[in-house]
Amino acid sequence: MKRPIIAVVAAVVVALGALLFTLVPSADPLRLSRSGVTVVLDKASTGAVAAEVEVPADVDAVSLSATMPQMGHMTSETVAQQEQPGRFRATGELFPMAGLWELTVRAGHEVVTFEITVD
């Protein structure tokens, strides 16, 4: 009597695990590069996002912001902290909802924009 119950419970656990695995969005890092600015986002999704920004070594200030032109949304500018010359890191909520976003990186006097689809 116990074996069929154990088998059913095991099957349910496996099925739930498989379902959760397919529902959880991929959290692969996203690498973007243009005009001497490289941004690596830990994920392209809503919620807190960590961004590593590589710029020329003479750049002393970096900030990021995002806009969703179709909906008229804009996020506040997130100031990145310098880790070493040419490398900055920022963490914040860049994308409050899923959809097509424009990520703007201000690196010194240079402004670079990337299009990102957020899950």
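## Strand 4 and its partners

Two strands are taken to pair where DSSP finds at least two bridges between them. By that criterion strand 4 and strand 5 of this predicted model pair in the antiparallel sense over two bridges, and threonine 67 stands opposite methionine 74 in strand 5. The hairpin that these two strands form has four residues between the strands, and in this hairpin glycine 72 takes a positive phi near 75 degrees.

Strand 4 also pairs in the antiparallel sense with strand 9, here over six bridges, and threonine 67, which faces methionine 74 in strand 5, stands opposite glutamate 102 in strand 9. Strand 6 is a further partner, running antiparallel to strand 4 and joined to it by two bridges, with serine 63 standing opposite valine 79.

## Burial of strand 4

Strand 4 covers residues 62-68, and because seven of its seven residues are buried, the strand is largely enclosed by the rest of the structure. In a regular strand the side chains alternate between the two faces of the sheet. On one side of strand 4 lie Val62, Leu64, Ala66 and Met68, on the other Ser63, Ser65 and Thr67, and both faces are covered, since these residues are all buried, that is, under 20% relative accessible area. For the protein chain as a whole, buried residues make up 33% of the 119 residues.

## Overall layout and confidence

The protein chain contains one helix and ten strands, with the helix coming before the strands in the pattern α-β-β-β-β-β-β-β-β-β-β read along the sequence. Among the contacts with a separation of 6 or more, 50% are between residues 24 or more positions apart. The chain exposes about 7,600 Å², of which carbon and sulfur atoms supply 60%.

The mean pLDDT of the protein chain is 85, and 77% of its residues reach 70 or more. Over residues 7-26, however, pLDDT stays under 50, and for this stretch the model has zero contacts beyond four places in sequence. Where pLDDT is low, the predicted coordinates should not be read in detail.

## The five-stranded sheet

Five strands form an open sheet with antiparallel pairing, in the order 1-2-3-8-7. Strand 1 and strand 7 (81-84) stand at the edges, where each has a single partner strand, so one side of each is left without a neighbour in the sheet. From one strand to the next the twist averages 25 degrees.

At the strand 7 edge, the antiparallel pairing with strand 8 (residues 87-95) extends over three bridges, and glutamine 82 has phenylalanine 88 of strand 8 as its bridge partner. Towards the other edge, the loop between strand 1 (30-34) and strand 2 (37-41) holds serine 35, which has a positive phi of about 50 degrees although it is not a glycine. Serine 35 counts as exposed because its relative accessibility is 52%, the cut-off for that class being over 50%.

## Salt bridges

The model has four salt bridges. Arginine 87 takes part in a salt bridge with glutamate 52, at 3.4 Å from N to O, and because arginine 87 lies in strand 8 while glutamate 52 lies in strand 3 (residues 47-54), this pair ties together parts that are 35 residues apart in sequence. Arginine 87 also forms a salt bridge with glutamate 54, the closest N and O atoms being 3.3 Å apart, and since glutamate 54 lies in strand 3, the parts tied together by this pair are 33 residues apart in sequence. Glu52, Glu54, Arg87 and Arg89 are linked in a network of salt bridges. Within this network, arginine 87 counts as partly exposed at 28% relative accessibility, as do glutamate 52 at 32% and glutamate 54 at 30%.

A further salt bridge joins arginine 106 to glutamate 77, with the closest N and O atoms 3.6 Å apart. Arginine 106 lies in strand 9 (residues 99-107) and glutamate 77 in the loop between strand 5 (73-74) and strand 6 (78-79), so the pair ties together parts that are 29 residues apart in sequence. Arginine 106 is partly exposed, at 40% relative accessibility, and glutamate 77 is likewise partly exposed, at 47%.

Conventions
Residues are numbered from 1 along each chain as its sequence is written. This is a predicted model: local features need pLDDT of at least 70, side-chain atom pairs count only at pLDDT 80 or more; totals for chains, interfaces and linings use all residues. Side-chain values use heavy atoms; hydrogens and water are left out. Buried means under 20% relative accessible area, exposed over 50%, partly exposed in between (1.4 Å probe, protein chains only). pLDDT is the predictor's confidence in each residue, from 0 to 100. Contact means heavy atoms within 4.5 Å. Axes are lines fitted to C-alpha atoms, for helices over the stretch in contact, and angles run from 0 to 180 degrees between N-to-C directions. A salt bridge is a side-chain nitrogen of Lys or Arg within 4 Å of a carboxyl oxygen of Asp or Glu. Accessible areas come from the Shrake-Rupley method with a 1.4 Å probe; for residues, only the protein chains shown count as cover.
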